[in-house]
Amino acid sequence: MIMKEKERTVDLAIIGGTGSNVTLDNLEEVKVYTPYGSTSAAIAIGDFNGKKIAYIPRHGIDHSIPPHRINFRANIWALKKLGVKFIISPSAVGSLKKKHNKEKFILVDQYIDRTKKRVDTFYENGQLCHIGQADPYCDYLNRLFFETGKELNLDIQNGGVYICIEGPRFSTRAESKIFRQWGGDIVGMTNYPEVVLSAEKEICYCCIAMVTDLDVWAGECSECGIVEFAQKCEICGGTVDKLSVNVPEVIETMGKNVENLKKLLELTIQKIDIERECPCHHSLTDALL
Ligand SMILES: [Zn+2]
Ligand SMILES: [Zn+2]
């Protein structure tokens with residue numbers, strides 16, 4: 001059932017991909033009209049453990065919206081309108097480091113924006129806004145998720161650099177190697193500008209990146225295992241076989257991690273203190289001209 005938007009308060013939101021939902025009670029669907037057009041889908045709202053939670057499938061209900069066509073502004077604007085103070089954003093990423101294996105969770109703390117054609121601000125005309133992005137992700141949420149991930153014995157890391165590419169294509173090997181040299185931990189297509197738009201709306205934001213593949217920098221040496229792809233292995237001089245990311249691999253790894261993600265979300269959401277005042281809720285102070 002599609003309901004018209006009405007006054008309500010939602011505590012937190014999940015913007016997710018396939019299988020990143022938590023089980024919500026008293027589910028209803030709400031359509032929010034925004035000055036920026038349609039959200040990725042009608043917003044599902046329901047109860048979970050005493051909290052009101054909204055869910056938006058980032059790529060639409062039938063996964064038909066590619067990364068570069070997501071209406072990020074509509075999604076974030078609508079969540080703010082619903083009263084959301086915390087956004088949790090699970091997303092699939094490729095690894096840029098050997099130590100980040102498939103199925104690892106990384107709580108992102110920095111990004112490098114390599115997108116090219118996305119509108120990344122609500123402040124286009126009139127008032128100017130220079131939002132601070134030195135530490136773009138909510139430290140409170142990251143710490144809670146990390147603590148819970150450890151309790152669940154997951155392979156999880158607090159902190160990591162997310163390189164956001166425009167997509168929808170994957171990177172070349174040359175690009176992937178450059179991203180490694182820049183200090184990137186993971187590469188994905190959706191985190192930017194979701195993160196900065198959330199800051200402009202003073203919403204706590206965290207990204208749970210789930211490693212699904214080794215991107216294209218990697219090769220496989222029969223002696224040394226995973227090494228950076230080159231004509232000859234940098235360690236033993238032997239031959240290196242090419243590895244490259246593909247869609248079935250990403251989907252397979254995501255499938256394996258669905259239950260872990262669900263547990264991580266459900267346990268952490270119970271711990272989030274929705275009354276807590278966070279510095280993220282004041283990010284516009286000193287940002288407006
Ligand atoms: Zn925060
Ligand atoms: Zn080797």
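**Two zinc sites in a predicted model**

Let me begin with the zinc ion listed as ligand 1, whose donors follow the spacing C-x65-C-x73-C-x1-C along the chain. Please keep in mind throughout that this is a predicted model. The four residues that coordinate this zinc ion (ligand 1) are Cys138, Cys204, Cys278 and Cys280, each through its SG atom, at 2.2 to 2.3 Å. As for geometry, the angles among the 4 donor atoms run from 105 to 113°, and the site of the zinc ion (ligand 1) is tetrahedral. Within this site, Cys138 and Cys278 link distant parts of the chain, 140 residues apart, with Cys138 in the loop between β8 (110–114) and α2 (139–151) and Cys278 in the segment after α5 (247–271). Both Cys138 and Cys278 are buried.

Let me turn now to the zinc ion listed as ligand 2, which is coordinated by the SG atoms of Cys221, Cys224, Cys233 and Cys236, at 2.2 to 2.3 Å. Along the chain, the donors of the zinc ion (ligand 2) follow the spacing C-x2-C-x8-C-x2-C. Here Cys221 lies in strand β13 (residues 218–221), while Cys233 lies in the loop between β14 (225–228) and β15 (240–242), so this pair ties together parts that are 12 residues apart in sequence. Cys221 is buried, with a relative accessible area of 3%, and Cys233 is buried as well, with a relative accessible area of 4%.

What, then, is the geometry of the site of the zinc ion (ligand 2)? With angles of 100 to 116° among its 4 donor atoms, this site is tetrahedral. For reference, the ideal angle for four tetrahedral donors at a metal is 109.5 degrees.

How values were computed:
Residues numbered from 1 in each chain as written. Chains lettered and ligands numbered in written order. Predicted model: local features only at pLDDT ≥ 70, side-chain atom pairs only at ≥ 80, totals over all residues. Heavy atoms only, no water. Donors = N, O, S within 2.8 Å, 3.2 Å for Na, K, Ca; no water. Tetrahedral: all angles 85-135°; square planar, octahedral: opposite > 155°, others 65-115°. Helix = DSSP H or I, 4+ residues; strand = E, 2+ residues; numbered from the N terminus. Buried < 20%, exposed > 50% of the residue type's maximum accessible area, 1.4 Å probe, protein only.
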